[in-house]
Amino acid sequence: MPTHEAEHNEPIWDYFQNEAPHVFGGIHSHPRLEFMVRRVGRLAGGSKSRVLNIGIGDGRFEMLAHQRGWSVAALDPSETSVRRLAEQGIDARTGRVEQMPFLAGEFNFVVISEVLEHLTADQRQQGLAEIQRVLKPGGYLLGSVPYCEVLEDNLAVCPKCREVFHRWGHTTSFDVPRIRAELAPHFGAATCRVTAFVQFRKCSLGRKLKSLARLALAKCGARVAVPSIFFQARKG
């Protein structure tokens, strides 16, 4: 498995976010982001919240949060993605999680969904320290990573330079003990569970049954269900 600094993968992220944004609108991405919005809403309990989302994708999370009246900010290394959101009235900023352009204690919630797997171990630890810094005391970190991904299954080779790379820019595969261990130095104990982000609302009976089956398979770790690890931690 090749190892690269995350910066080497930025052309991959930039392409899918801006040239092929439909990749973020599939049956996996939108239900996952909608779940994160609902989770923030439950934890906020109607109080006014300042929320940061790290990794813009197609902007789904930010627009849903904005519609709920939250004070939402976004961080992404892609200037094009940031500009697109800023034009829609979102506080979007260009930057990386390892060095965020936000004040200490600025946010009630930080969401980092399907991002940590793109980073190296050092970058993740720097980024988690930064998340802990920008959260208010008692603030929540919510996120997800793919569960037990077989990285070799998504390797590709450049036909020009013959460099081998992961097609989505992933560097790390996670199981529950590993993500808990990475969160622990900054947040102590974290809630982590294997799941699938599925949709039940406004779906046909057939779609609901398929979602239920996928959810059950994901909890068993079946790769066909494309399982993820959802994690939640709180700043002490």
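**Exercise 1. Residues with positive phi**

Locate Arg162 in this predicted model, describe its backbone, and state whether the residue is buried or exposed; then treat Cys148 in the same way.

*Solution.* Step one is to place Arg162, which lies in the loop between β6 and β7 (164-166). Step two is to read its backbone: phi is positive, at about 65 degrees, although Arg162 is not a glycine. Step three is to compare its relative accessible area of 63% with the cut-off, and because exposed means over 50%, Arg162 counts as exposed.

Cys148 sits in the loop between β5 (135-146) and β6 (155-157), and its phi, near 50 degrees, is again a positive value in a residue other than glycine. With a relative accessible area of 32%, Cys148 is partly exposed. A glycine can be added to the list, since Gly45, just after α2, takes a positive phi of about 60 degrees.

**Exercise 2. The geometry and setting of helix α2**

Determine how the span of helix α2 compares with the expected value, and how many of its residues are buried.

*Solution.* Begin with the extent of the helix: α2 covers residues 29-44, which makes 16 residues. The distance from its first C-alpha to its last is 23 Å, close to the 22 Å expected at 1.5 Å a residue. Turning to burial, 13 of the 16 residues are buried, so α2 is largely enclosed by the rest of the structure.

**Exercise 3. The nonpolar cores**

Identify which residues have the most contacts inside the largest nonpolar core, and which elements supply it.

*Solution.* As a starting point, nonpolar side chains in soluble globular proteins tend to be buried together. In this model, buried residues make up 49% of the 236 residues, and the protein has 7 helices and 9 strands.

The largest nonpolar core has 30 residues, and those with the most contacts inside it are Leu52, Met100, Val110, Ile112, Ile131, Leu141 and Phe231. At least two residues of this core come from each of β1 (50-54), β2 (71-76), β4 (107-113), α5, β5, α6 (176-187), β8 (191-195) and β9 (228-234). Of the contributors, α6 gives the most, with 4 residues.

Ile131 can serve as an example of the packing: leaving aside residues up to four places away in sequence, Ile131 touches Ile54, Val97, Met100, Val110, Ile112, Leu141 and Phe187. A second, separate core of 24 residues includes Leu33, Val37, Val72 and Val82. For the protein as a whole, residues 24 or more positions apart account for 71% of the contacts with a separation of 6 or more.

**Exercise 4. Salt bridges within helices and elsewhere**

For the pairs Glu130 and Arg133 and Glu182 and Arg178, give the N to O distance, the spacing along the helix and the accessibility of each partner.

*Solution.* The structure holds 9 salt bridges. In the one between Glu130 and Arg133, the closest N and O atoms are 2.7 Å apart; both residues lie in helix α5, 3 residues apart, about one turn of the helix. Glu130 is buried, with a relative accessible area of 13%, whereas Arg133 is partly exposed at 26%.

The side chains of Glu182 and Arg178 meet at 3.6 Å, N to O, and because these residues are 4 apart in helix α6, they are separated by about one helical turn. Glu182 counts as buried at 11% relative accessibility, while Arg178 counts as partly exposed at 36%. Elsewhere, salt bridges that share partners join Arg50, Asp91, Arg93 and Glu106 into one network.

A further pair is Glu98 and Arg96, whose closest N and O atoms are 3.3 Å apart; both of these residues are buried. The C-alpha of Arg96 is 9.6 Å from that of Gln123, 27 residues apart along the chain. Gln123 belongs to helix α5 (residues 121-134) and is buried, at 4% relative accessibility.

**Exercise 5. A nonpolar patch on the surface**

Which residues make the nonpolar surface patch, and where does Leu209 lie?

*Solution.* The patch covers about 410 Å² and is made by Phe200, Leu205, Leu209 and Leu212. Leu209 lies in helix α7 (residues 205-219) and counts as exposed, at 52% relative accessibility. As a wider setting, the accessible surface of the protein comes to about 11,500 Å², of which 54% belongs to carbon and sulfur atoms.

How values were computed. Residues numbered from 1 in each chain as written. Predicted model: local features only at pLDDT ≥ 70, side-chain atom pairs only at ≥ 80, totals over all residues. Heavy atoms only, no water. Buried < 20%, exposed > 50% of the residue type's maximum accessible area, 1.4 Å probe, protein only. Expected span 1.5 Å × (residues − 1). Patch = residues over 30% accessible without salt bridge, like charges linked within 9 Å, V, L, I, M, F, W, Y side chains within 5 Å. Areas by Shrake-Rupley, 256 points an atom, 1.4 Å probe, with all protein chains shown as cover. Salt bridge = Lys/Arg side-chain N within 4 Å of Asp/Glu carboxyl O. Core = buried A, V, L, I, M, F, W, Y, C linked by side-chain atoms within 4.5 Å. Contact = heavy atoms within 4.5 Å.
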